[in-house]
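Student: I would like to go through the helix packing in this model. Where should the reading start?

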Amino acid sequence: GPYAQLLLDAMKQSGCTVYNDRHFACEDCDGCVSGGFDSATSQIVLCQNNIHQQSHMNRVVTHELIHAFDHCRAHVDWFSNVKHLACSEIRAANLSGDCSLINEMTRFKFGLKQHHQTCVRDRAIRSILAVRKVSKETAEKAVDGVFDSCFNDHEPFGRVPHSKSDAKYAYRNFQNRDRYYANL
Ligand SMILES: [Zn+2]
């Protein structure tokens, strides 16, 4: 989809690993985990046993590519700094569509604008607990400590993409931004 394409282009232009098919692995995963990012190999794992819809697949790919983008851009200390992990999980939940309205409506949670933030916070905490042996309190503290700055960091999208047309718009903007710089 356009989200993933934008991320791939942004990474290429930032001098990051150029992702191709060999960076994606399909595996059976434990529990209800949908995907993962291996920072050592820059590989993205897609859990074929837990992904049954194309739209879900798109979200997982986008979510994991945001981790890959952060890894390249920010030299994230995934293992010893839980705040780094928390920040990337907040961004991935916020920007991948994990908490988009339609996605949330299918879970019968209608509502308030505030709900998007609550959803992002909850998912970031759950993601940390799925990959690190830390207490719920530690995960919550890490997420709350960096929430505002990481929730408002929309790179490379420019804003939170809420729909397919938003993503296409962001992608065009991203390309034009690049063109603009190229003309300076
Ligand atoms: Zn994640």
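Tutor: Start with the axes, which are lines fitted to C-alpha atoms, for helices over the stretch in contact; angles between their N-to-C directions run from 0 to 180 degrees. Helices (H or I, at least four residues) and strands (E, at least two) are DSSP runs, numbered from the N terminus. The model is predicted: local features need pLDDT of at least 70 and side-chain atom pairs count only at pLDDT 80 or more, while totals for chains, interfaces and linings use all residues. Residue numbers start from 1 along each chain as its sequence is written.

Student: At what angle do the axes of H2 and H3 cross?

Tutor: Two packed helices are described by the angle between their axes and the distance between the axes. For H2 and H3 the angle is roughly 140 degrees, and the axes come within 9 Å. The two helices are therefore oblique to each other (under 35 degrees counts as roughly parallel, over 145 as roughly antiparallel, 65 to 115 as roughly perpendicular, the rest as oblique). H2 passes H3 in a right-handed crossing (the near helix is turned clockwise from the far one by less than a right angle; anticlockwise would be left-handed). His63, Ile66, His67 and Asp70 of H2 make the contact with Ser88, Arg91, Ala92 and Leu95 of H3 (C-beta atoms, placed from the backbone, lie within 7 Å). By class these residues are three nonpolar, three polar and two charged (Ala, Val, Leu, Ile, Met, Phe, Trp, Tyr, Cys and Pro are nonpolar; Asp, Glu, Lys and Arg are charged; the others, Gly among them, are polar).

Student: Which residues of H1 and H2 make the contact?

Tutor: Geometry first: the axes of H1 (residues 2–13) and H2 cross at roughly 15 degrees and come within 9 Å. That makes H1 roughly parallel to H2. The crossing of H1 past H2 is left-handed. On H1 the contact uses Tyr3, Ala4, Leu7, Leu8, Ala10 and Met11; on H2 it uses Asn58, Val61, Thr62, Leu65, Ile66, Ala68, Phe69 and Cys72. The split is 12 nonpolar, two polar and no charged.

Student: What is the angle at which H3 and H6 pack?

Tutor: H3 (residues 82–95) and H6 (residues 136–151) pack at about 60 degrees, their axes 8 Å apart. That makes H3 oblique to H6. H3 passes H6 in a right-handed crossing. Residues meeting there include Ala86 and Ile90 in H3 and Val143 and Phe147 in H6. The contact has 10 nonpolar, three polar and two charged residues.

Student: How many residues does H2 have, and what follows the helix?

Tutor: H2 (residues 54–74) has 21 residues and reaches 30 Å from its first C-alpha to its last, close to the 30 Å expected (1.5 Å times one less than the number of residues). His75 follows H2, with a positive phi near 50 degrees.

Student: Which peptide bond is cis?

Tutor: The bond joining Glu155 and Pro156 is cis, with omega about -5 degrees. Pro156 sits in the loop between H6 and H7 (164–183).

Student: Which element has the lowest mean pLDDT?

Tutor: pLDDT is the predictor's confidence in each residue, from 0 to 100. Helix H4 (residues 101–105) has the lowest mean, 61, and H6 the highest, 97. The protein averages 85, and 85% of the residues score at least 70. Where pLDDT is low, the predicted coordinates should not be read in detail.

How values were computed: Contact = placed C-beta atoms within 7 Å.
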